[in-house]
Amino acid sequence: MARITGGCHCGAVRFEAEGEFGQAMSCNCSICRKRGTLLAFVPAADFRQTAGAEAMTDYTFNRHVIHHLFCRTCGILSFARGKKPDGSDMVALNLRCADDIDLNPLKIVEFDGASH
């Protein structure tokens, strides 16, 4: 288990999370493709937003089940909130927003979100 910290570009939004961060998902749905996110998922209990709740804007689309939360100052999405298939709360971290993480050794798992 590793602990990471991260946040948006302007620094208003900050988070920390515990999890396994050896792989990331690259999704080709309309929003992930345009954003270029690399996602890692953690249970909501292993995530803590440490700053910037008031600086965030929520965007949903399609089935409106994932809350794409981004900083309204700089526009960066550091994480999203949703539910796992079993109904439990989860957070999708944008690993491109993590501090001090080397993305090169990550195993990238492709997900065909465009077909869902």
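Leaving aside its neighbours within four places in sequence, which residues is A44 in contact with? In this predicted model, the partners turn out to be D89, M90 and V91. A44 itself sits in the loop that runs between strand 4 (39-43) and strand 5. With a relative accessibility of 23%, A44 counts as partly exposed, because the buried class takes in residues under 20% and the exposed class those over 50%. A44 can also be set against R72: the two are 28 residues apart in sequence, and their C-alpha atoms are 22 Å apart in space.

Stepping back to the whole chain, there are 10 strands and one helix. Read from the N terminus, the elements go β-β-β-α-β-β-β-β-β-β-β, which puts the helix after strand 3 and ahead of strand 4. How does the overall size work out? For 116 residues, a compact globule would be expected to have a radius of gyration near 13 Å, and the chain, at 13 Å, agrees with that. Taken along the principal axes, the box filled by the C-alpha atoms is roughly 35 × 30 × 25 Å. Some 38% of the 116 residues count as buried. The accessible surface of the chain is about 6800 Å², and carbon and sulfur atoms hold 51% of that. As for contacts with a separation of 6 or more, 55% of them in the chain come from residues 24 or more positions apart.

Now for the strands and how they pair up. One open sheet is built from three strands in the order 1-2-5, and the pairing is antiparallel. Strand 1 (2-7) and strand 5 (47-51) are the edges here; each has a single partner strand, so one side of each is left without a neighbour in the sheet. On average, and with direction ignored, neighbouring strands of this sheet are turned by 20° against each other. Strand 1 and strand 2 (residues 14-19) run antiparallel and are joined by six bridges. Within that pairing, T5 of the chain finds itself opposite E16 in strand 2. In general, side chains in a regular strand alternate between the two faces of the sheet.

Further along the chain, strand 8 (residues 77-83) is worth a look of its own. Five of its seven residues are buried, so strand 8 is largely enclosed by the rest of the structure. Strand 8 pairs with strand 7 (residues 67-71), antiparallel again, through four bridges, and H67 stands opposite R81 in this arrangement. The two form a hairpin with five residues between the strands, where G75 takes a positive phi near 85°. Strand 8 also pairs with strand 9 (residues 89-94), in the antiparallel sense and over five bridges; here A80 lies opposite A92. This second pairing is a hairpin too, with five residues between strand 8 and strand 9, and G87 in its turn has a positive phi of about 95°.

Strand 8 turns up once more among the aromatic residues. How many aromatic pairs does a search of the whole structure find? The search gives four. In one of them, F47 and F79 have ring centres 4.7 Å apart and planes at 55°, so the pair is tilted. F47 belongs to strand 5 and F79 to strand 8, so to speak two distant parts of the chain, 32 residues apart, linked by the pair. Both F47 and F79 are buried. Ring pairs also bring in F15, making a cluster of F15, F47 and F79.

Two more residues round off the tour. Is S26, in strand 3 (residues 23-27), buried or exposed? S26 is buried, at a relative accessible area of 19%. Apart from neighbours within four places in sequence, S26 is in contact with T37, L38, I108, V109, E110 and F111. D100, by contrast, is exposed, with a relative accessible area of 84%, and its place is in the loop between strand 9 and strand 10 (107-111). The backbone of D100 also catches the eye: its phi is near 50°, a positive value in a residue other than glycine. Most residues other than glycine have a negative phi.

Conventions: Residues numbered from 1 in each chain as written. Predicted model: local features only at pLDDT ≥ 70, side-chain atom pairs only at ≥ 80, totals over all residues. Heavy atoms only, no water. Pairing = 2+ DSSP bridges. Axes fitted to C-alpha atoms, helices over the stretch in contact; angles between N-to-C directions. Rg over C-alpha atoms; globule rule 2.2 N^0.38 Å. Buried < 20%, exposed > 50% of the residue type's maximum accessible area, 1.4 Å probe, protein only. Contact = heavy atoms within 4.5 Å. Areas by Shrake-Rupley, 256 points an atom, 1.4 Å probe, with all protein chains shown as cover. Phe/Tyr/Trp six-rings, centres within 6.5 Å; stacked < 30°, edge-to-face > 60°.
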